[in-house]
Amino acid sequence: QVQLVESGGGLVQAGGSLRLSCAASGRTFYAMGWFRQAPGKERAFVAAINWSDGSTYYADSVKGRFTISRDNAKNTVYLQMNSLKPEDTAVYYCAAVTRPSSWFSDDIDYWGKGTLVTVSS
């Protein structure tokens, strides 16, 4: 059974940092990433990393502030979030794909249940 389990969400003040983790089990993936969904908005791509070569991709809104990384031995992906802003407040979802993807929501093969990140001003 495939599982993606997120952790690390919480409440932080603007300008602060958080690190999200996503532990995967049940199979291997081509790539993993993160999406987020703010209240009243659609789920949006945040960042992704290819499992084989470590290539990374970011949404423009988080470039320079967020860093995605992976630990192959632990089958875990991380999202280091720095310089957080109130507009980063959202439920963050771990996502995994089994083939090359354009990282549209409809392309995702597996989803985690989400972890809430709240940034106060």
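The following exercises, with worked solutions, concern aromatic rings, nonpolar cores and a buried acid in a predicted model.

Residues are numbered from 1 along each chain as its sequence is written. Local features need pLDDT of at least 70, side-chain atom pairs count only at pLDDT 80 or more, totals for chains, interfaces and linings use all residues, and side-chain values use heavy atoms, with hydrogens and water left out.

**Exercise 1.** Classify the ring pair of Phe29 and Tyr110, and locate both residues.

*Solution.* Rings of Phe, Tyr and Trp (its six-membered ring) pair if their centres lie within 6.5 Å; planes under 30 degrees apart are stacked, over 60 edge-to-face, and the rest tilted. The structure holds 6 aromatic pairs. For Phe29 and Tyr110, the centres are 5.6 Å apart and the planes stand at 65°, so the pair is edge-to-face. Phe29 belongs to the loop between strands S3 (18–25) and S4 (31–37), whereas Tyr110 belongs to strand S10 (residues 110–111), 81 residues apart; strands are DSSP runs (E, at least two residues), numbered from the N terminus. Phe29 is buried at 8% relative accessible area, while Tyr110, at 27%, is partly exposed. Buried means under 20%, exposed over 50%, and partly exposed in between (1.4 Å probe, protein chains only).

**Exercise 2.** Describe the pair Tyr93 and Trp111 and the placement of Arg43.

*Solution.* The ring centres of Tyr93 and Trp111 are 6.3 Å apart with planes at 85°, so this pair is edge-to-face. Tyr93 lies in strand S9 (residues 90–97) and Trp111 in S10, so the pair ties together parts 18 residues apart in sequence. Both residues belong to one aromatic cluster with Phe35, Phe45 and Trp103. The charged end of Arg43 sits over the ring of Tyr93, 3.6 Å from its centre, and Arg43 also lies over the face of Trp111, at 4.5 Å from the ring centre. The criterion is NZ of Lys or CZ of Arg within 6 Å of the ring centre and within 35 degrees of the ring normal.

**Exercise 3.** Establish which contacts the side chain of Glu6 makes, given that Glu6 has no salt bridge.

*Solution.* Glu6 is found in strand S1 (residues 3–7). Glu6 is buried, and the nearest side chain of opposite charge, Arg43, is 7.6 Å away; a salt bridge requires a side-chain nitrogen of Lys or Arg within 4 Å of a carboxyl oxygen of Asp or Glu. The Glu6 side chain instead reaches the backbone nitrogen of Cys94 at 2.8 Å, and a polar atom of that side chain lies 3.1 Å from the backbone nitrogen of Lys113.

Methods
Helix = DSSP H or I, 4+ residues; strand = E, 2+ residues; numbered from the N terminus. Lys, Arg positive; Asp, Glu negative; His and termini not counted. Polar contact = N/O pair within 3.5 Å; in protein donor to acceptor, adjacent residues only side chain to side chain.
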